[in-house]
Amino acid sequence: MKNLFESDYLKLLLMIVIMTFAASPLYGQKVKPSDSGYIPVNGIKVYYEVYGEGSPIVLLHGAFMTIDTNWGQLIPELSKNRKVIAIELQGHGHTQFSERKLAHATLAGDVAGVMDHLKIDKADVVGYSFGGAVAYQFAIQSPKRLNKLVIISATYKTSGWLPEVNNTFKKLKPELFTNSPMKTAYDAVAPDKTKWTKFLEQMIAAAGQPFDLGDSNISKISAPVLIIAGDNDGLDKIELSKTYQLLGGGTSADLGGMPKSQLAIVPGQGHVSLMMQTATILGYLNGFLK
């Protein structure tokens, strides 16, 4: 008989449990925004929060998450000397669910729209997971709006994930999120709690669709890029190495100089646990964005 732990269903359930742990109140906000609200962009109203003063930095959260659950520990530190703009993407948190097609280009356009409203010409952009893919797209379609780019445990194409991760995406079902901390976080701020299942269905359908923003587009990103990944975060490290090379990295700095982009592989970390390493992530951000 097949070992229970090897069961696809139990592996999937375990992944959901780990993912939802990231939405624990332990990672909630410690400071209040100086500004927040909704901005009409591309047919929906996008929610944003602003913290601190200084050079602007835009934060884009991961799938099924909110500003609180993704950035709650980092915002108080980043906002000490930066103007932090945190955005909740379509259907997430305070931002309304919409039947609008969930496309990277559209979501990146939403980010630009928020920046327009806040009169921010250029900013550093940091994206985690799903938000990282949106951040890549933002760099592609709005290069003049970008100072530096930070990608945390994310890829710009389906093949950037390990096959088992892509297989898991295809097996996700809304009922696996029932009574999860993510549902609790959603209910606390969503403008219409009845859209939860539709939101999940939309996100799950999108996750199961292959995507590729294009190697040639990535190679044309002129801004410095910092890629942060866990050594066991589900990203295919061979593909990640190729991504870094497209960005000008993977060279012998002693012979040709240090590239402007950087790659950090954090040992002993998975996709979710990586984002919980506040001090480590903050150290990388401060070093790269200075």
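Both D110 and R100 are buried, and in this predicted model the two residues make a salt bridge, with 2.6 Å between the closest N and O atoms. D110 belongs to helix α4, whereas R100 sits in the loop between β4 and α4, so this pair ties together parts of the chain that are ten residues apart in sequence. It is one entry in a longer list, as the structure holds ten salt bridges.

A second buried pair spans a longer stretch of sequence. E239 and K157 form a salt bridge, and here the closest N and O atoms are 3.3 Å apart. This one links distant parts of the chain: E239 is in helix α10, which covers residues 237–246, while K157 is in the loop between β6 (146–152) and α6 (163–171), and their positions lie 82 residues apart in the count. As with the first pair, E239 and K157 are both buried. They don't act as an isolated couple on the map of contacts either, since K157, D215, E239 and K242 are linked in a network of salt bridges.Helix α7 offers a more local example. The side chains of D187 and K183 meet in a salt bridge, at 2.7 Å from N to O. Both residues lie in α7 (residues 181–189), four residues apart, or about one turn of the helix. What about their exposure? D187 has a relative accessibility of 23%, so it counts as partly exposed. K183, at 22%, is also partly exposed.

The rest of α7 shows two sides. Its buried residues are M182, A185 and Y186. These three cover an arc of only 100° around the axis, which means that they sit on the same side of α7. Over on the other side of α7, T184 and A188 are exposed.

Next comes strand β4, which is mostly covered, with six of its seven residues buried. β4 has pairing partners in both senses. Strand β2 (residues 44–51) runs antiparallel to β4, and five bridges join the two. Within this pairing, E49 stands opposite A86 of β4. Strand β3 (residues 55–60), on the other hand, pairs with β4 in the parallel sense, over six bridges. There, P56 has K83 in β4 as its bridge partner.

Just past β4, the chain enters a loop. H94 is found in this loop, between β4 (82–88) and α4 (104–117). Its relative accessibility is 17%, so H94 counts as buried. Setting aside the neighbours within four places in sequence, H94 touches Y38, Y47, E49, E88, V189 and P191. One of these contacts, E49, is the β2 residue that stands opposite A86 in β4.

How far can the model be trusted along the chain? The mean pLDDT of the protein is 91, and 90% of its residues reach 70 or more. Two stretches fall well short of that. Over residues 1–7, pLDDT stays under 50, and the model has six contacts beyond four places in sequence for this stretch. Residues 22–27 are also below 50, with 15 contacts in the model beyond near neighbours in sequence.

Conventions:
Residues are numbered from 1 along each chain as its sequence is written. This is a predicted model: local features need pLDDT of at least 70, side-chain atom pairs count only at pLDDT 80 or more; totals for chains, interfaces and linings use all residues. Side-chain values use heavy atoms; hydrogens and water are left out. pLDDT is the predictor's confidence in each residue, from 0 to 100. Contact means heavy atoms within 4.5 Å. Buried means under 20% relative accessible area, exposed over 50%, partly exposed in between (1.4 Å probe, protein chains only). A salt bridge is a side-chain nitrogen of Lys or Arg within 4 Å of a carboxyl oxygen of Asp or Glu. The arc is that of the directions from the helix axis to the C-beta atoms. Two strands pair if DSSP finds at least two bridges between them.
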